[in-house]
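Let's take a walk through this fold, going from the overall numbers down to single residues. Keep the viewer open as you read.

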Amino acid sequence: MNAPAERALGPLVVGVDGSEPSLRAVDWAADEAVLRGAALRVVYACRWERYEGAALARDIGEPTTLPLAQDVVGAAAQRARARHPDLRVSADVVFEEPEYALVREGRNASALVVGTRGRSGVAEMLLGSVSLAVAAHADCPVIVLRGGHDNQATSAVHGRVVVGVGDEANESAVVRFAAEEARRRGIPLEAVRAWRCPAHETTDHPLLAGEPARLHEKQAAEELEAAVQDVPADVRVRRRTVEGHARRVLVDASHEADLLVVGAKRREGRFGLQLGHVAHAALHHSACPVAVVPHPARDA
């Protein structure tokens, strides 16, 4: 199949809106594009009718906010070129809801990068609706810049990329993406598999105490080994099984990671494709950037 190779040649797309978080996302995306040897595409998407009104929009036929939008996207593109003068950068303004525009851009992209607006108190743990919608629906990997990343993708602070290995039958796309990110940065890949022993399998007999837990841990270790068996030899792999809910385990691991990679465990529902609980928790609570890598929805 040639689809993965063709997608890898596509540009890295970063969404901007003129805010400081989106400009920091441009810095990070520019670094990532250089690591990938890819072009960078800067996209500013907005609904100009919000500012002019739908009736006026129909009468005039031209968005008066275009000069402002061009300033925003132009400044972002110039910022990327100043950071990496040899980087190929293109920029465009799209008058459409940002989530729809970015998902469409992702069809031909190697990956999408979006920032999140900083907030205070409890609200800082919440993810913006655009970032969540894009991560939930894009066909390509989506990198959401949560937590501390010092506006750069190239300098490894913690020296590891963490990938969560779940219980999906096919985790190869997720692990492959994480391994490539680790290889580009020259840092180890830490593959984490969470496991739990159901309460009904525990026993009070002293000779059998702990046996169900050992069996579950052994199974998790075997599944983890199978998931990383095709990681390229030039990528150092650390394997770790941890007892607990996968959501908590991966959020805890994000505090010592430069990038957390999770799979998009999507399901068809009343409101379209939805992310699984693990990806949802990572996007809301991770202490580092999160890459959400889509894989096919499980058949009902």
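What follows starts with the whole chain and then moves through a helix, the cores, a strand and a few individual residues.

First, a reminder that this is a predicted model. The chain has eleven helices and twelve strands. Of its 300 residues, 47% count as buried. The accessible surface comes to about 15,300 Å², and carbon and sulfur atoms account for 51% of that. If you look at contacts between residues at least 6 apart in sequence, 78% of them join residues at least 24 apart.

Now pick out helix H2, residues 20–36. Does its length agree with what you'd expect, or disagree? At 1.5 Å a residue, its 17 residues should span 24 Å, and the end C-alpha atoms are indeed 24 Å apart, so the two agree. H2 is also mostly covered, with 13 of the 17 residues buried. Just after the helix comes Gly 37, which takes a positive phi of about 70 degrees.

H2 also leads us into the nonpolar interior. The largest nonpolar core has 49 residues, and the members that touch the most others are Leu 40, Val 113, Leu 189 and Val 261. H2 gives the most to this core, namely seven residues. Apart from this core lies another one, of 34 residues, including Ala 135, Val 192, Ala 279 and Val 290. Back in the 49-residue core, try selecting Leu 40: leaving aside neighbours within four places in sequence, its contacts include Ala 29, Ala 30 and Ala 33, along with Leu 12, Val 14 and Leu 87. Arg 88 and Ser 90 are also among the residues in contact with Leu 40.

Next, strand S6, residues 161–164. In a regular strand, side chains alternate between the two faces of the sheet. Are the faces of S6 covered or open? Both are covered: Val 161 and Val 163 on one side are buried, and so are Val 162 and Gly 164 on the other. As for its partners, S6 runs parallel to strand S7 (residues 189–195), joined by four bridges, and Gly 164 stands opposite Val 192 there. S6 also pairs in the parallel sense with strand S9 (residues 259–264), over three bridges. In S9, Val 163 has Val 261 as its bridge partner. You've met both of these partners already: Val 261 was named in the largest core, and Val 192 in the other one.

Step back along the chain from S6 and you reach Asn 151, in the loop between strand S5 (142–145) and S6. Which residues does Asn 151 contact, leaving aside neighbours within four places in sequence? They are Arg 24, Asp 27, Trp 28, Asp 31, Arg 79 and Arg 83. Asn 151 and Asp 27 are 124 residues apart along the chain, yet their C-alpha atoms are separated by 5.7 Å.

Two last stops. Glu 105 sits in helix H6 (residues 98–105). Its relative accessible area is 15%, and the cut-off for buried is under 20%, so Glu 105 counts as buried. Beyond its neighbours within four places in sequence, Glu 105 is in contact with Val 13, Arg 41, Val 43 and Val 94. Finally, the cysteines: Cys 140 counts as buried at 1% relative accessibility, and Cys 288 is buried at 1% as well. The structure holds zero disulfides.

Key. Residues are numbered from 1 along each chain as its sequence is written. This is a predicted model: local features need pLDDT of at least 70, side-chain atom pairs count only at pLDDT 80 or more; totals for chains, interfaces and linings use all residues. Side-chain values use heavy atoms; hydrogens and water are left out. Helices (H or I, at least four residues) and strands (E, at least two) are DSSP runs, numbered from the N terminus. Buried means under 20% relative accessible area, exposed over 50%, partly exposed in between (1.4 Å probe, protein chains only). Contact means heavy atoms within 4.5 Å. Accessible areas come from the Shrake-Rupley method with a 1.4 Å probe; for residues, only the protein chains shown count as cover. A disulfide is a pair of cysteine sulfur atoms within 2.5 Å. The expected span of a helix is 1.5 Å times one less than its number of residues. A nonpolar core is a set of buried Ala, Val, Leu, Ile, Met, Phe, Trp, Tyr and Cys residues joined through side-chain atoms within 4.5 Å. Two strands pair if DSSP finds at least two bridges between them.
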